[in-house]
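Please look through the sequence and the structure shown here. The report that follows describes salt bridges, sheets and helix packing.

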Amino acid sequence: MPERRTVIWGWGYEDQQPTPAQQRAIARALATSLGRDDIDLAPAPRVEDLQLRPPRILPPPTLAAICSTATYDRAAHSYGKAFPDLLRAFRGEFPNPPDVVAYPRTEADIVALLEWCSQIGAAVIPFGGGSSVVGGVEPPPADAYGGSVSIDLRKLDRVLEIDSLSRAARIQAGVYGPALENQLRPHGYTLRHYPQSFEFSSLGGWIATRSGGHFATLYTHIDDFVESLRIVTPTGIIETRRLPGSGAGPSPDRLFIGSEGTLGIITEAWMRLQHRPIYRASAAVRFERFESGVAAVRALSQAGLYPTNCRLLDPVEVARNQIGDGTGSILMLGFESADHPLDAWINRALECCADHSGTTPQGVVIRSGGEAAGREGSVGEWRDAFLRMPYQFSTIVAMGAIFDTIESAITWDRFAEFHAGVTDATQRALQEVCGGGLLSCRFTHVYPDGPAPYYTFLALGRRGGELEQWRAVKSAASDAVIRYGGTITHHHAVGRIHRPWYDRQRPELFAAALRAAKAALDPHGLLNPGVLIDPQREG
């Protein structure tokens, strides 16, 4: 049977895209929120009409069976899902596709592919689910390398071994989120890592990008779940030791977690698992003022309660998604456990919120059992809107709008100034570049020492000039993030889009050390060149 295909200029599978009527409804709703009603939708291109540059290289006969030069495969591996990726794909602009897309079935296939690329000097782009929103999977400039090969790991998709005593599993890196959970479920386990891209992203991609997932506190980044790694590099294979913890020098795992495919290709990982939760408690806490919600979240983050869900939505986010009555700020609060009822935890959390004038108009939901337990009311409304949002990508591009997110982290003592500075810079840019637009903020994760604010902007662009407008707004916001002391990315990785600000954020001596590590592991500078660092190529 033919493999189900994902759409190139949007999100999801080709057979689950919004219908024309649904697209028009989405466009009307977005236009109304922007104060407009005169929106036209441009027609999407067709894969069969794409004209790609002929491949500059072809695989040797020994690798031909796992390689493709088909138009769809090359186009689908040209970009990720960032706004400029979607826009260029929607326009049918594919000036620099990978020459070959490889689908290795074994680790030995990856070793052979790297040997071939080293022999011919071709760039190598490790590819998980292609959900990168930071320009992390596209080939380097065409004149920099004689060819490029995208190595898609989707066929390395199995849970290989489960250690029930240690509650861990050895898992191949190419497995997508749903397939991973389906394999763990019969054993009563879960990884419990749910980024928004869960359906179309892989374990190896989560590790390579230091993904942030389901938990708003305590278990936040994929780092927390990695027990050991196995990585194929151009100079050999590295396998780290399985340990619950170690003080033996700098952690080798940490070198590769967040390396974004620049140091090697992750093929396997031992991951710490959790028992599937059976107890859940949730509530939507309303605050008249966003600042009151911020104070409540800070109190919660420092109380040692560790809620699973602690996402504060500002009034724009609440109104845009029509959560509750559509007014005020709302805190999506939730607890989960596989071990004990949660009444005491959520009751104490609500006391902390009440100290800052938080109310619960819809009450508290406390349930046990069932995968969907605790998804009612405003909490469920927002979660559903959150999961549906990426399916609007193609419509947003078709209506000539621009959008993106700026996610960061900052300590509590600097949050007020940071929030005001980023908000002001982004709103001014939206006004100057687009004549206005929407800007909202929510907290995705919270720590005892600070929150991870996540800003989303949406505006109507100028047909033909959307890319330049997006770049101006994104740059203004990113400049402000660095100027006010935040990180340029909390969980979306660096890629090529965030690279200019990452260069300003990281210490220069650390950059030199990273270059030295790359030179040792990838001496010809073939792996994802231009992401994180510029390679110093030998030969």
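## Salt bridges

The whole structure of this predicted model was searched for salt bridges, and 36 were found. One of them joins the side chains of Arg53 and Asp99, with a distance of 3.5 Å from N to O. Arg53 sits in the loop between helix 1 (20–33) and strand 1 (67–68), and Asp99 sits in the loop between helix 3 (83–90) and strand 2 (100–102), so the salt bridge ties together parts that are 46 residues apart in sequence. Side chains of opposite charge can pair when their charged atoms come close.

## The sheet of 4 strands

Strand 1 and strand 2 belong to an open sheet of 4 strands with the order 1-2-4-3 and mixed pairing. At the edges stand strand 1 and strand 3 (123–127); each has a single partner strand, so one side of each is left without a neighbour in the sheet.

Strand 1 pairs with strand 2 in the antiparallel sense, over 2 bridges. Within this part of the sheet, Cys67 has Ala102 of strand 2 as its bridge partner. Helix 4 (residues 107–120) lies across strand 1, strand 2, strand 3 and strand 4 (148–152), and runs at about 170° to strand 4.

## The sheet of 5 strands

A further open sheet has 5 strands in the order 5-6-10-8-9, with antiparallel pairing. Its edge strands are strand 5 (159–163) and strand 9, each of which pairs on one side only. From one strand to the next, the twist averages 10°.

Strand 8 (residues 226–233) and strand 9 (residues 236–239) pair in the antiparallel sense over 4 bridges. These two strands form a hairpin, with 2 residues between them. Ile231 stands opposite Ile238 of strand 9. Strand 8 also pairs with strand 10 (residues 265–272), again in the antiparallel sense, over 6 bridges. There, the bridge partner of Leu229 is Ala269 in strand 10.

Helix 4 lies across strand 8, strand 9 and strand 10 as well, running at about 40° to strand 8. Helix 5 (residues 177–184) packs on the sheet and touches strand 5 and strand 6 (168–172), with a direction that makes about 45° with that of strand 5.

## Helix 13 and helix 14

Two packed helices are described by the angle between their axes and the distance between the axes. For helix 13 (residues 412–434) and helix 14 (residues 466–483), the axes come within 9 Å and cross at roughly 165°. That angle makes helix 13 roughly antiparallel to helix 14. The crossing is right-handed.

On helix 13, the residues that make the contact include Phe418, Val422, Ala425 and Leu430, and on helix 14 they include Ala472, Val473, Ala476 and Arg483. By class, the contact of helix 13 with helix 14 has 13 nonpolar, 3 polar and 1 charged residues.

## Helix 8 and helix 13

Helix 13 also meets helix 8 (residues 290–301): their axes come within 12 Å and cross at roughly 155°. Helix 8 is therefore roughly antiparallel to helix 13. The two helices cross in the right-handed sense.

Which residues make the contact of helix 8 and helix 13? They are Phe290, Val294, Val297, Arg298 and Ser301 of helix 8, together with Trp412, Phe415 and His419 of helix 13. The residues of this contact divide into 5 nonpolar, 2 polar and 1 charged.

Definitions and conventions
Residues are numbered from 1 along each chain as its sequence is written. This is a predicted model: local features need pLDDT of at least 70, side-chain atom pairs count only at pLDDT 80 or more; totals for chains, interfaces and linings use all residues. Side-chain values use heavy atoms; hydrogens and water are left out. Axes are lines fitted to C-alpha atoms, for helices over the stretch in contact, and angles run from 0 to 180 degrees between N-to-C directions. Angles under 35 degrees count as roughly parallel, over 145 as roughly antiparallel, 65 to 115 as roughly perpendicular and the rest as oblique. A crossing is left-handed if the near helix is turned anticlockwise from the far one by less than a right angle, and right-handed if clockwise. Contact means heavy atoms within 4.5 Å. Ala, Val, Leu, Ile, Met, Phe, Trp, Tyr, Cys and Pro count as nonpolar, Asp, Glu, Lys and Arg as charged, and the others, Gly among them, as polar. Two strands pair if DSSP finds at least two bridges between them. A salt bridge is a side-chain nitrogen of Lys or Arg within 4 Å of a carboxyl oxygen of Asp or Glu.
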